[in-house]
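Student: Got a minute to go through this one with me? I'd like to start with where the chains meet.
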Amino acid sequence: MPPDVNSFPRLAPGCRLNEKSQQQRMLLMPERALRLNGPSLEIIERCDGKHTVQQIVVDLQKIYSKAEPQKVESDILGYLALLHDQRALDFT
Amino acid sequence: MTAELSNPLALIAELTHRCPLHCVYCSNPLEMQSRSNELSTEVWSRVFKEAAAAGVLQADFTGGEPLARPDIIDLVRAARTAGLYVNLITSGLPMDEIKLGTLVEAGLDHFQLSFQGAREDTANEISGTKSHAQKLRVLEWLKQQRVAVTLNFVIHRRNIDQLEEMLAIAESSSATRVEFANVQYYGWAFANRENLLPTRKQLDRSVEFLKREQERLKGKIRIEFVVPDYYAKFPKPCMGGWGRKLMLITPSGDALPCHAAQVIPGLTFENVKNRSLRDVWEHSSAFQKFRGENWMQAPCKTCDRREQDFGGCRCQALLLAGDAAATDPVCSLAPLRPEVDAILTGMNSAPPAEIFVKPSWLYRPNPA
């Protein structure tokens, strides 16, 4: 189920980024780790409980202005839903 | 070999073999290390740094009971400071609410609480100690802490019919993840196998139940389920492949490719007291022994699944086939699969009444 665009995603307890000094940024969580590339890192860095889903979409549409805005939005919603199913995100 | 060698991803740190519980399926070896042989805080701290530098992402603190180490807080802090994600796999005792808070403050990321059952009598019988009530207290304390919580139910014949009650415990807690892990048959569990292996009927019912619950709890609790591989068609990819992802350090510092590797005759293990972790990973003969595919026999060596399950478990091959390089006998393609089927047939035709009689368990004792 896609998240409510007005909710505030936040990394769940025990889910966090590895240290900035590490070459490959990763999302660490119980029993697994996700490799983060450009856009996925941009998204995760904003899952701090202070950005709404809508704000994250707008931010990423600016950063990736050459991409189709609709596509950016649907990719983000899909990614957030996936992380929610893995219990890496809470929405408030 | 070295050029294509991957990094270890997780370090399993068996901090001690001491434990207040005496579980009849304990994964510790039959011969345990005493306290006087345990690695110091300083050596473990160096190992965590070396692990992070070698590419390890996660440290799994286990034992025995890791909380039995008086320096557990320092070890959590050292691993976290080294840059590792810190998992604590624990029975929840000995611990109080203050110690829990200190562990989280020191950088603990993930608290994995093991359960021996959903009911006090079953749980206490299996663990050979009164431990269940304390676990329920720990669950209450965990609600106040910002830490990931997994409940780890170890499943076997005598508690597999309690899954619904187990899940109810999970749902009333702050857990986001529940493991229903069937006992794997090595060490103490191998010795107690005939009283632990579930029946086919029990297993089928449990799989059906958990698939339904996985769907119902989607987005709330992640349910993971490990079937007993005696009932599987293909073997488990044990440790994600020998010397491929994981490294286990025993309480005395020996570096093993898996929990049970010491049962395999002829392997020599390096010790982290005098070798660096990367050196061990790259050069230890025990890690080389079953790495890759060159050691494989038929049918593994030409099997399409050899990159998925890596021939299964080497220790199980030794225990059931008498040859650590054989195809894991639980595989339906293994020449020795009929022997596993014979074990299951014998077990499934046993009279069902024995569930009400307490078996004569072989309890795991505590090392000196």
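Tutor: Sure. The contact takes 14 residues from chain B and 14 residues from chain A, where two residues touch if their C-beta atoms, placed from the backbone, lie within 7 Å.

Student: On the side of chain B that touches chain A, how many residues are nonpolar, polar and charged?
Tutor: That side of chain B has four nonpolar, five polar and five charged residues. Here Ala, Val, Leu, Ile, Met, Phe, Trp, Tyr, Cys and Pro count as nonpolar, Asp, Glu, Lys and Arg as charged, and the others, Gly among them, as polar.

Student: Before I go on, what kind of model is this?
Tutor: This is a predicted model: local features need pLDDT of at least 70, side-chain atom pairs count only at pLDDT 80 or more, and totals for chains, interfaces and linings use all residues. Residues are numbered from 1 along each chain as its sequence is written, while chains are lettered from A and ligands numbered from 1 in the order in which they are written.

Student: OK, chain A. What's the order of helices and strands?
Tutor: Along the sequence, chain A runs β-β-β-β-α-α-α-β. That gives three helices and five strands, taken as DSSP runs numbered from the N terminus (helices H or I, at least four residues; strands E, at least two).

Student: And how much of chain A is buried?
Tutor: In chain A, 26% of the 92 residues count as buried, meaning 20 or more other C-beta atoms lie within 10 Å of the residue's own.

Student: What about chain B, how much is buried there?
Tutor: For chain B, 47% of its 368 residues count as buried. Chain B has 14 helices and nine strands, and its C-alpha trace spans about 55 × 50 × 45 Å along the principal axes.

Student: Where's the largest nonpolar core, and who's in the thick of it?
Tutor: It has 119 residues, and B:Leu11, B:Tyr25, B:Phe48, B:Ala51, B:Ala59, B:Leu84 and B:Val86 touch the most other members. Such a core is a set of buried Ala, Val, Leu, Ile, Met, Phe, Trp, Tyr and Cys residues joined through C-beta atoms within 7 Å.

Student: Which strand of chain B gives the most to this core?
Tutor: Strand 5 of chain B, residues 148–155, with six residues.

Student: Back to B:Val86, what does it touch?
Tutor: Leaving out residues up to four places away in sequence, B:Val86 touches B:Ala59, B:Phe61, B:Val76, B:Ala79, B:Arg80, B:Gly107, B:Leu108 and B:Asp109.

Note on methods: A residue is buried if 20 or more other C-beta atoms lie within 10 Å of its own, exposed if 12 or fewer, and partly exposed in between; C-beta atoms are placed from the backbone.
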